[in-house]
Amino acid sequence: MADYEPLRDVEEQLQTNRRATRVASLDVFRGLCVFLMMLVDYGGSVFPVISHSPWDGIHLADFVMPFFLFIAGLSPALAYKKVPNRAEATWKAVLRAVKLFLLGVLLQGGYLHGVNSLTYGVDIEKIRWMGVLQRISIGYIVAALCEIWLTCRTWRQGGFFKSYFWHWCIAFSLSAVYMLLLYGLYVPNWQFTAPALASSLSPSNDSNVYMVRCAVRGDLGPACNSAGMIDRYILGVDHLYMKPAYRNLKECKISDGQECSPPWCDAPFDPEGILSSLTAAVTCIFGLQYGHILADLQDHKGRLTKWSLLSISSFILGLLLAFTGIPVNKSLYTVSYMLITSASAGITFCALYLLVDVYGYRRLTSVLEWMGMHSLSIFVLITSNLAIIAIQGFYWTAPENNVVHWIISRFVHA
């Protein structure tokens, strides 16, 4: 399943604000993300150019997760605009995040076995703890706590940045800690167990234990980055994602009989790991600032102006970091990637806001709006493969003569 998630339930609506005019572009944006999720998830095998980038670089699929994180961060600015009881609001936000996290473990932890199997169940020793919903729950709770506890509402007359000064401090601190750990931690040699790998290195013993030689600091490659090391130490190598995108790299497809791919090509790696969740949370804080502009300003021109300035400046900063040597990398969720994709989310939201809420073209986006309002349900149906299994139930003469089987045999296995 692609690394993204359509967030609907994390957007809270306070009872006191239900009479306010609903911003339809929020649902349209969320629906657009759902559509992109389905497009890259099912079309990525047919058109690899839209699937996730194997490592450095950015493809269409790499925008979807940041877009949902952006929406998840924007929501608390509306939900917690007025907080009469901070403790109660905190408890509700934590409970919501925990529910989302546990749902993610159920859907993407290995409990469900895919479209070709009706069986279920997972070995606790190999369950995947991190994932798409888990990442969004982490980013959401960071943004929600910032809004509940660190918004200086008495300073609103002092300006935008002054009112939300501590939010920017948290964002900068998370980015600084991320950079310090990514470049500063020493990554020793490490090993993992896997069945019969085609590798240029022999197993370190007879039990298929393969050695990956690193002994470096600040390496941002697939094998020896500190993000993977942190996950292996804290989560355990058996609890990571078993099909990382870097398996599509050229060096991982060498099989000419004389030279084989390196062993790390078959090692697990979690693109929703612990370290990269820090910068993912910054994307939510970025979205939170958009929500502040939406909540504090009432005129369209003022909103669009501030949103555009924030997006353009972030995009330029991300490009500068990329040109100075910080790669745009989704799997590591680098700072340059975070800035570029967050700014892209902001620009996309500006365009949808102008189209839907300013000019009123809601009929053109009615399908996307409906998808956005039911995005979590759609995600569950797709991730659990219930929708695909239901479609497979309709066939001609024989069970294998169904649309899903035909598409897989015609395009995926071609």
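A salt bridge, for today's purposes, is a side-chain nitrogen of Lys or Arg within 4 Å of a carboxyl oxygen of Asp or Glu. Keep that in mind, everyone, and let's look at lysine 330 and glutamate 272. Their closest N and O atoms are 3.2 Å apart, so by that cut-off the two form a salt bridge.

Before we go on, please remember that this is a predicted model. The mean pLDDT of the protein chain is 85, and 79% of its residues reach 70 or more. Two stretches call for care. Over residues 4-20 the pLDDT stays under 50, and the model has 57 contacts beyond four places in sequence for them. Residues 197-201 also stay under 50, with 17 such contacts beyond four places in sequence.

Back to our pair. Where do lysine 330 and glutamate 272 sit in the chain? Lysine 330 is in the loop between helix H9 (300-323) and helix H10 (335-358), while glutamate 272 is in the loop between H7 and H8, so we have a link between distant parts of the chain, 58 residues apart. Both lysine 330 and glutamate 272 are buried.

Glutamate 272 has another partner, too. With arginine 128 it forms a salt bridge in which the closest N and O atoms are 2.7 Å apart. Arginine 128 lies in the loop between helix H3 (86-108) and helix H4 (132-149), so this pair ties together parts that are 144 residues apart in sequence. Glutamate 272 is buried with a relative accessible area of 2%, and arginine 128 is buried at 9%. Add Asp270, and salt bridges that share partners join Arg128, Asp270, Glu272 and Lys330 into one network.

How many salt bridges does the structure hold? There are 6. One of them brings together the side chains of aspartate 27 and arginine 30, at 2.7 Å from N to O. These two are 3 residues apart in helix H1, which means about one helical turn separates them. As general background, an α-helix has 3.6 residues a turn, so residues three or four places apart point the same way. Aspartate 27 and arginine 30 are both buried.

Now for some helices. H10 has 24 residues, which should span 34 Å at 1.5 Å a residue, and its end C-alpha atoms are 33 Å apart, in agreement. Of those 24 residues, 17 are buried, so H10 is largely enclosed by the rest of the structure. Just after H10 comes glycine 360, with a positive phi of about 75°.

Next, helix H11, residues 366-373. Its Leu368, Glu369, Met371 and Gly372 are buried. Why do we say that they line one face of the helix? Looking down the axis of H11, we find its buried residues within an arc of 160°, so one face is what they line. Their cover includes helix H1 (24-43) and helix H12 (375-383), and H1 is the helix that holds aspartate 27 and arginine 30.

Let's finish with strands. Which side chains of E2, residues 190-193, are buried? Trp190 and Phe192 are, and they point to one face; Gln191 and Thr193 point to the other face and are not buried. That fits a general pattern: in a regular strand the side chains alternate between the two faces of the sheet. E2 pairs with strand E3 (residues 209-212) in the antiparallel sense, over 4 bridges. In that pairing, glutamine 191 stands opposite methionine 211 in E3.

Thanks for listening!

Technical notes: Residues are numbered from 1 along each chain as its sequence is written. This is a predicted model: local features need pLDDT of at least 70, side-chain atom pairs count only at pLDDT 80 or more; totals for chains, interfaces and linings use all residues. Side-chain values use heavy atoms; hydrogens and water are left out. Buried means under 20% relative accessible area, exposed over 50%, partly exposed in between (1.4 Å probe, protein chains only). The arc is that of the directions from the helix axis to the C-beta atoms. Contact means heavy atoms within 4.5 Å. pLDDT is the predictor's confidence in each residue, from 0 to 100. Two strands pair if DSSP finds at least two bridges between them. The expected span of a helix is 1.5 Å times one less than its number of residues.
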